Structures are given as C-alpha cells and as structure tokens.
Amino acid sequence: MNSTAQINVPLRSDDVFDLINRFPGGYWKYDIKDFVLLVNPYFPPQAFLDELKDALPRLITCYPSPNVQMVQLLADAVKIPANNLVICNGVAELIPILLGRLGMRIAVPVPTFNPYETTALPGRLSRFILPAPDFELDVHCYAEFARTNGVDGAVVISPNNPTSRMVPYADLLYLASALRAQQQLLLIDESFIEFSEVGRSASLENHLLEFPNVIVLKSLGKIYGTCGLRIGYAASANAKTMNEIRAALPTWNVNTFAEFFLSKLPHLAHAAEQSWMRVGSDRNKLYEELRSIDGMRVLKPDANFVFCELPPHWPDGDVIAAKLLKDGRILIRHNGGKTLQNGKRFLRIASRTEDDNKFLVEALKDVAD
C-alpha cells in the first residue's frame, strides 16, 4: 500500500476555501485525508518503491529517453503496437493539443471532466446535457447530436467523471460505428476502466483497427497510484491524428521516474490486477454505506469514486466540505464547478481504504446533525 509523505503545512482559513474549490494538486503538503484525488491506494507495491528509492540518484541526474523510445516501453506494458500509441505527460497534455492546437469542434456530454469543456476554442464546443437523476448517456441521441452540430469529434468518458457511470460496451460499439459513418472521431477517455467489473475486456482499445475514427485517451496515474509521475497515452489506428499529436509534443515530455516505472510495469501486472479488485471491493462497501444515509441518493459506481446527491435537508456541498476540512482535516469535492444544475448538491467522493471510507461516512453523518 502507498505511503503518503506529508510536511504538515499549517492549514489556514484561506487554504480551506482554496483546497475545496480549485483544481486538484499540491495536497501532499497537508496532513489531511484526501477524498478528492482519484488514485489507487494499493499500488505500486513496496518492492517497487524500494527499487525506485535505490535508483533515485541516477534518475534525478539524467535525461529521460526521447518519447520515440519511451513509447516502446509503454507498448510492452499495455500490449498495444507502438505505432498506434503516443505517450504523454498525463492526458492533460493531450487535451490542449486536440482541442486547442488542432482546433477540433467537439461534442461533450456534461457533467464531465472540466478540461474537455474549458480547453475547447470559442464557438467549437457543443454541450450534450446528461439527464438527471441518473446522468446516463443515450448513445443514439448523442450520435444524432454530433451529426446535427457538425462536430469533428465526440467525447465520452467511460466510466464518467464525476458520475462514475460506465457506458455499456454494446453502446460504445454502436457509437463508434455511427460516428465512423458520419466521418467523425470518437475521443474516449478510459482512465478508470480497470476499476469496473468488466475491466479492459470492454475497452475500445480492442477495436482500434476496426474503428480508425476512435482515439482512446488514458491516464495511468489513477489505476497505478502514480499521479505524480504524469504518464498517459493516446491509442488509435488513425495515423493522421496521431502524427499531428506527435508533431506537437516535445522530445522529452515524460520524465525518468516515469520511464523507470514503465520499465518495471510488465512484471507488476498481477499485483496491479489484485489492487484493482481490492479497490473495487472497498468502493462497493463505500457505496452501500453512503446509501444507508437517510435521504442520500447514490449512483452505483463503476470507477474508484462515488457520486451522490445530498439529502434535501442537508446544507450545500461547499458548506459541508468546508466544515469537514476545518474540523476533521477531511477533503472532499462538491460539484459546484461543473456544468450541472444545482451542482453544490452533489458530491464526488474518492474511495480510499475501507477504514478511511468508514471514517468519512461517520464524519458526514456528524456534520449533518
């Protein structure tokens, strides 16, 4: 299980507002229980961390390999041909290239991961509203929406962030086919798919040659507990778009620590699979415990986090989040910053260990009393 280094920075009143409202990052400095970061708490294994510690003096003084060599390490780890891959400094490096530099006109189902909305150029974003209360994606309506809005590509996150809901496999295959017929791309972010019950067996990575209009985007930090290493990739048989992405990337866009991790990853496959099962078990228990709260409406999760609507008699999520952070040094995220009606009435809660999750649920109950 991961150990978390903290330097116990004092938590001032202005820090409280900042931490519960800004984009995630830098939380490691504070002695807090973080239910915002969507990361696997059971990986990497301690043996790898010990190897990394021993290699640190070499890694910190050297340039990494160029990305054309780094991508072969990635190919060995994810079992996709290197010519169908682009390695990146997290998916956050790819979104500005696709939506900014390449200027794609895109359709985005909302609520979703904010950068897919905020990075699109003016006049090139079409929002497709997911209907409450379940926020499920109707792929037939979405394909028609993409056609009538004349977009270059349609975005899907599956499982979605923040709802933690997965688009059924058959629906994704239909959408890929419909968009192919319309000569439109499907940009599908599968960063959380390993936490779902079906896992990578339902990934569109298995259909890249069949659907060259599909570009799979993948962050590795969530599933491998390595968000600080900043590793991600795009996978596609669409040579034109992949070459355009490669041309926009610097020679060294991934660091030596990430390179070292990728070199070890094929030997850690079994440990990773075991960790995903454990995360799924903890998440399912968290889901049931949140459902036990009177008036709380909770969507059944597929990722490593849970999306819930607060009971009607509770205060808004920003009030609850501020109180939890001030009184219990517990960090949670409300959804007031999403394209979502009454977003502050919704929480997205990352699943940590079973004991941590129980601690959070009890704190939620206390704060509402």
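In the predicted model, the axes of helix α3 (residues 67-78) and helix α10 (residues 256-264) come within 8 Å and cross at roughly 35 degrees. The crossing of these two helices is left-handed. On the α3 side the contact is made by M70, L73 and L74, which meet E259, L262 and S263 of α10. By class, the residues of this contact comprise four nonpolar, one polar and one charged.

Helix α3 also takes part in the second largest pocket, to whose lining α3 and α11 (269-291) each supply at least two residues. The space in this pocket amounts to about 230 Å³. Its lining consists of 13 residues, and those closest to the centre are A77, R200, Y224, A269 and E273. Helix α11 provides the largest share of the lining, four residues. The lining of the second largest pocket has eight nonpolar and five charged residues, with no polar residue.

Enclosed space was examined as well, and the count comes to two cavities of 30 Å³ or more. The largest cavity holds about 130 Å³ of space. It is lined by 14 residues, and L130, L137, I157, N160 and V167 lie nearest its centre. Nine nonpolar, three polar and two charged residues make up the lining of the largest cavity.

The second largest cavity holds about 40 Å³. Its lining is formed by P133, F135, R297, L299, F307, C308, E309 and F346. Strand β10 (residues 305-309) gives the most to this lining, with three residues. Six of the lining residues of the second largest cavity are nonpolar and two are charged, while none is polar.

P133, one of the residues lining the second largest cavity, is preceded by a cis peptide bond: omega from A132 to P133 is near 5 degrees. The residue is placed in the loop between β4 (125-129) and α6 (139-149). Another cis peptide bond runs from F43 to P44, with omega near 0 degrees. P44 is located in the loop between β1 (33-34) and α2 (46-59). Most peptide bonds are trans, and most residues other than glycine have a negative phi.

Positive phi values are found at S164 and N342. For S164, phi is near 65 degrees, a positive value in a residue other than glycine. S164 belongs to the loop between β5 (153-157) and α7 (169-181). With a relative accessible area of 0%, S164 counts as buried because this value is under 20%. For N342, also a residue other than glycine, phi is positive and near 55 degrees. N342 sits in the loop between β12 (333-334) and β13. Its relative accessible area is 53%, over the 50% limit, and N342 is therefore exposed.

Strand β13 (residues 346-350) contains R348. This arginine has a relative accessible area of 7% and is therefore classed as buried, the limit being under 20%. Leaving aside neighbours within four places in sequence, R348 is in contact with F35, V36, L38, N161, P162, F305, V306, R333 and N335. F305, one of these contacts, is 43 residues from R348 along the chain, and the C-alpha atoms of the two are separated by 6.7 Å.

How values were computed:
Residues numbered from 1 in each chain as written. Predicted model: local features only at pLDDT ≥ 70, side-chain atom pairs only at ≥ 80, totals over all residues. Heavy atoms only, no water. Axes fitted to C-alpha atoms, helices over the stretch in contact; angles between N-to-C directions. Left-handed = near helix turned anticlockwise from the far one by under 90°. Contact = heavy atoms within 4.5 Å. Nonpolar A, V, L, I, M, F, W, Y, C, P; charged D, E, K, R; others polar. 1 Å grid on protein atoms, 1.4 Å probe; cavity = no way out; pocket = protein on both sides within 12 Å on 5 of 7 lines; lining within 4 Å. Points joined across faces, edges and corners; volume = space filled by probe spheres on them. Buried < 20%, exposed > 50% of the residue type's maximum accessible area, 1.4 Å probe, protein only.
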